[in-house]
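Student: I should like to learn how the features of a protein model with ligands are read. May we work through one example together?

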Amino acid sequence: MDKVRAFEFHGAAAKRELIDPFGRTISYLRVSVTDRCDFRCVYCMAENMSFLPKAEILTLEELGRLCSAFVARGVRKLRLTGGEPLVRRGIMMLVNSLSRHLHSGELDELTLTTNGSQLEKYSRDLVAAGIRRINVSLDTLDAEKFRAITRWGSLDRVLVGINAAQAAGLDVKINVVALKDVNDDEFPRLIEWAHGRGMDLTLIEVMPLGEVGEGRLGQYLPLSLVRARLCDRYQLNDIDDRTGGPARYVRVAETGGRLGFITPLTHNFCESCNRVRVTCTGTLYMCLGQEDAADLRKPLRASESDDLLYAAIDEAIGRKPKGHDFVIDRRHKRPALARHMSVTGG
Ligand code: SAM
Ligand code: SF4
């Protein structure tokens, strides 16, 4: 290929959208920037987790380049997650670098999912970088229960973080993992607290990812049941709002706030799936619920040009499966997938 044609070819590849074999356009990338965390939530990690060696982890520059390649290929929403994204040293360098895509209009949204422990420190910087909304995971408002669920976390610190985020002008959404006999008595209190502060709340069904050292069967609580129970107390009106994620929303008539349900086990949301996930080692997962993955670190490190990277991304998107097949295996009592949520970031 002569130089001019090579340039045109590269330009075309860079602009082409990512469309999978089922016609779904990939416009949403979730990036796990670290597998580390300052909490050890019982459904997410074992207490004695072993983490990845540094050499395997992409540098912040490499993560920036990888994200930017996806933006060049039509991704319009980027979510940073982890592990805990805000414990990655120098994280604001990556956020500030990615915010240029917001200014250029290529990206509609840059956001993150966090456990809230570092929000007091970072909220103002996040707003300055153009972040408007964040998700904060919080499963209980009871300090002792919070400690039992997160093993290492402090509820006070998270609440201070949420205050700081709202004071800085961030729109906060609360994510609650529904855990049988742990926090299921608290949903009304959590909903009223969140809605009273102008925050949406989304309930998430626990997913069978990774060995966490205790029975997951005991944790599983179908949201269909939760919803039925909430209906005894509240009027839940279905609404069409989609935020680009898999949540289905209702408006709670009594509070006026939005309540979301993410139900990977009882409701299949794959048909409208527009997202893929990349880990901090540059592994691309085309589906949260399948093992198939593509290594993007090798093409990223092999050349300064992004051509190899684009080719690897194209090849991987061509293998995006139609849907996942999570099951909580009742006979074998083992996770459907070996990797932890802290690897792919949820
Ligand atoms: N550390 C951040 C946090 O907790 O928000 C970001 C990473 S965390 C893995 C992302 C989300 O996944 C959190 O809302 C967490 O509650 C959820 N999560 C973790 N393990 C899960 C599991 N097994 N099933 C369902 N949700 C899970
Ligand atoms: Fe850490 Fe988030 Fe996993 Fe909890 S859910 S252990 S805060 S990564």
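The dialogue below takes up the fold, the ligand sites, two buried residues, the cysteines and the backbone angles.

Student: What kind of model is this, and how many helices and strands does the protein have?

Tutor: This is a predicted model. The protein has eleven helices and twelve strands. Of its 346 residues, 55% are buried. The accessible surface comes to about 15500 Å², and carbon and sulfur atoms account for 51% of that area.

Student: How is the sequence separation of contacts to be read here, and what share of them join residues at least 24 apart?

Tutor: The count takes contacts between residues at least 6 apart in sequence, and 72% of those in the protein join residues at least 24 apart. One pair illustrates sequence separation set against distance in space: I317 and Y285 are 32 residues apart in sequence, while their C-alpha atoms are 9.4 Å apart.

Student: Let us turn to the ligands. How many residues surround ligand 1, and which are the closest?

Tutor: The shell around ligand 1 holds 19 residues, of which Y43, G83, S137, V177 and M207 are the closest. By class, seven of the shell residues are nonpolar, nine are polar and three are charged.

Student: Which polar backbone atoms lie 3.0 Å and 2.7 Å from a nitrogen atom of ligand 1, and which side chain has a polar atom 2.5 Å from an oxygen atom of the ligand?

Tutor: A polar backbone atom of G83 is 3.0 Å from a nitrogen atom of ligand 1. For M207, a polar backbone atom is 2.7 Å from a ligand nitrogen atom. The side chain belongs to S137, which has a polar atom 2.5 Å from an oxygen atom of ligand 1. Taken alone, ligand 1 exposes 540 Å², and the protein buries 95% of that. Strand 3, strand 5 (171-178) and strand 6 (200-205) are the elements that give two or more residues to this shell.

Student: Which residues surround ligand 2, and how is its shell divided by class?

Tutor: Ligand 2 is surrounded by C37, F39, C41, C44, M45, G83 and N115. Its shell has five nonpolar residues, two polar residues and no charged ones. G83 appears in this list and also among the closest residues to ligand 1.

Student: How should one describe a single residue within a strand, and where is T111 placed?

Tutor: One may take its element, its burial and its contacts in turn. T111 is in strand 3, residues 109-114. Its relative accessible area is 1%, under the 20% limit, so T111 counts as buried. A polar atom of the T111 side chain lies 2.5 Å from the backbone oxygen of R133. Leaving aside residues up to four places away in sequence, T111 touches K77, L78, R79, L80, I131, R133 and I134.

Student: In which helix is I317 found, and is that residue buried or exposed?

Tutor: I317 is found in helix 10, residues 307-317. I317 is buried, with a relative accessible area of 2%. Beyond residues up to four places away in sequence, I317 touches L18, I19, D20, P21, I26 and V276.

Student: What is a disulfide, and how many does the structure hold?

Tutor: A disulfide is a covalent bond between the sulfur atoms of two cysteines. The structure holds zero disulfides. Two cysteines may be described by their exposure: C231 counts as partly exposed at 41% relative accessibility, whereas C273 is buried at 13%.

Student: What sign of phi do most residues other than glycine have, and where does R151 lie?

Tutor: Most residues other than glycine have a negative phi. R151, although not a glycine, has a positive phi of about 60 degrees. R151 lies in the loop between helix 5 (143-150) and helix 6 (155-167). It is buried, with a relative accessible area of 17%. The R151 side chain reaches the backbone oxygen of M45 at 2.9 Å, and M45 is one of the residues around ligand 2.

Student: Where is D181 found, and is D181 buried or exposed?

Tutor: D181 is found in the loop between strand 5 and helix 7 (187-196). Its phi is positive, near 60 degrees, and D181 is a residue other than glycine. With a relative accessible area of 65%, D181 is exposed, whereas R151 is buried.

Note on methods
Residues numbered from 1 in each chain as written. Chains lettered and ligands numbered in written order. Predicted model: local features only at pLDDT ≥ 70, side-chain atom pairs only at ≥ 80, totals over all residues. Heavy atoms only, no water. Helix = DSSP H or I, 4+ residues; strand = E, 2+ residues; numbered from the N terminus. Buried < 20%, exposed > 50% of the residue type's maximum accessible area, 1.4 Å probe, protein only. Polar contact = N/O pair within 3.5 Å; in protein donor to acceptor, adjacent residues only side chain to side chain. Contact = heavy atoms within 4.5 Å. Near = heavy atom within 4 Å. Nonpolar A, V, L, I, M, F, W, Y, C, P; charged D, E, K, R; others polar. Areas by Shrake-Rupley, 256 points an atom, 1.4 Å probe, with all protein chains shown as cover. Disulfide = S-S within 2.5 Å.
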